[in-house]
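Let's take a walk through this one together. Have the fold open in your viewer and follow along as we go from the overall picture to a few individual residues.

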Amino acid sequence: MKDFDVVFTLYNCSNLKYFIPLTHYFKKQGLSVCYHIVHGWNKYCSVSVPENLKQTRKLLSSLNVPEYHDGKIRFVCEGRYVPEDRGSTKKIYSLCTLVDYMYSYYNFIDKVDYCVFPSQWFQEFFIKEENIMTGAGEGAVEKIKMSYKAIQENKSKNLNLGSPKYDLIKTYDRQEILKKYKLQDEKYALFMYPRTSDIDKTEFEKTIEDLKSKGYKILSKSRVKDPFRSNHSQDFKCFY
């Protein structure tokens, strides 16, 4: 098979919101694109979950993008699944998925050529004690300290270019969204439900009541591993 211009390493369906905007862009530039699907873990949004894999392949087929393991430029998320043998790859770019890099930057930066941050602010904000998020389990604070040190030592590898997951916002169509989610044409507010470990630190009930008092129908987004609490879920339409 020919060498592709760009290869995306995909192991987690959540990565698609970062990769798909770039896929559209590169294809418009006449570049060839492929996806290297990696099976590593098997829960939640993993591409290894049969239904997730089915939907992913359906999406790639609609974009006429094949599965292959090599390309001249490789994109990964958080430095995960960088192959030991680069093959024909000349450059490897690691994209930040929200703030997961806080716990992993120190561990992957030597394996990639560049790390793409949403902004300069993302390189520095988490060193302040009040901004530290310790959701990575045991040893999280130590990992954060190592990442901060590594970020300072690898400034030439840090690119502040934004995040591709925001690039398609102008293509959203209200009527298509209403139809897709079977919603009436009303006034809505999107409420991001707190993580289970953080919910008692928030005043989300107050936020919900405030939105309801202003006439909003509330849509709330969470994750399977952070389920809605049944005594509050009656206040909004839930999405996982």
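Helices and strands here are DSSP runs, with at least four residues (H or I) for a helix and at least two (E) for a strand, and they are numbered from the N terminus. With that in hand we can place Y81: this tyrosine is found in the loop between strand 3 and strand 4. Keep in mind throughout that you are looking at a predicted model. Y81 is partly exposed, with a relative accessible area of 35%. Its backbone is worth a look too, since Y81 has a positive phi of about 60° although it is not a glycine. For background, most residues other than glycine have a negative phi.

Now zoom out. How many helices and strands does the chain have? There are 6 helices and 9 strands. The C-alpha trace spans about 55 × 45 × 30 Å along its principal axes. Of the 240 residues in the chain, 40% are buried. If you take the contacts between residues at least 6 apart in sequence, 60% of them join residues at least 24 apart. On the outside, the accessible surface of the chain comes to about 14,500 Å², and 51% of that belongs to carbon and sulfur atoms. As for charge, the chain carries 39 positive and 30 negative charges, and the mean positions of the two sets are 4 Å apart.

Next, the empty space. Rolling a probe the size of a water molecule over the atoms shows where such space is left. The second largest pocket has a volume of about 340 Å³. Which residues are closest to its centre? They are L22, F26, F75, L95 and L161, out of 17 residues that line this second largest pocket. The elements that give two or more residues to its lining are helix 1 (16-28), strand 3 (73-77) and strand 4 (91-95). Helix 1 provides the largest share of that lining, with 3 residues.

There is also enclosed space to find. The count comes to 1 cavity of 30 Å³ or more, and about 40 Å³ of space lies in the largest cavity. Its lining is made up of Y18, L95, C96, V116, F117, P118, G162, S163 and P164. You have met L95 already, as one of the residues closest to the centre of the second largest pocket, and here L95 turns up in the lining of the largest cavity as well.

Let's turn to some single residues, starting with N52 in helix 2 (residues 50-62). Is N52 buried or exposed? The cut-off for buried is under 20% relative accessible area, and N52 is at 19% relative accessibility, so N52 counts as buried. Leaving aside neighbours within four places in sequence, N52 is in contact with C13, Y44, C45, S46 and V47.

Follow the chain on to N64, which sits in the loop between helix 2 and strand 3. This asparagine is exposed, with a relative accessible area of 62%. N64 also has a positive phi of about 60° although it is not a glycine, and you saw a positive phi of about 60° at Y81 too.

From N64, jump to Y103, which lies in helix 3 (residues 101-108). Y103 is buried, with a relative accessible area of 15%. The two residues are 39 apart along the chain, and the C-alpha atoms of Y103 and N64 are separated by 35 Å.

Now go to strand 2 (residues 33-37), where H36 lies. H36 is partly exposed, with a relative accessible area of 22%. What does H36 touch, not counting residues up to four places away in sequence? The list is V7, F8, T9, L10, Y68, H69 and R74. For a longer reach, try K165: H36 and K165 are 129 residues apart along the chain, with their C-alpha atoms separated by 19 Å.

Our last stop is V224, in the loop between strand 8 (217-221) and strand 9 (237-239). This valine is exposed, with a relative accessible area of 58%. The C-alpha atoms of V224 and D100 are separated by 18 Å, with their places 124 residues apart along the chain given as the sequence separation.

Key. Residues numbered from 1 in each chain as written. Predicted model: local features only at pLDDT ≥ 70, side-chain atom pairs only at ≥ 80, totals over all residues. Heavy atoms only, no water. Buried < 20%, exposed > 50% of the residue type's maximum accessible area, 1.4 Å probe, protein only. Contact = heavy atoms within 4.5 Å. Areas by Shrake-Rupley, 256 points an atom, 1.4 Å probe, with all protein chains shown as cover. Lys, Arg positive; Asp, Glu negative; His and termini not counted. Charge placed at Lys NZ, Arg CZ, Asp CG, Glu CD. 1 Å grid on protein atoms, 1.4 Å probe; cavity = no way out; pocket = protein on both sides within 12 Å on 5 of 7 lines; lining within 4 Å. Points joined across faces, edges and corners; volume = space filled by probe spheres on them.
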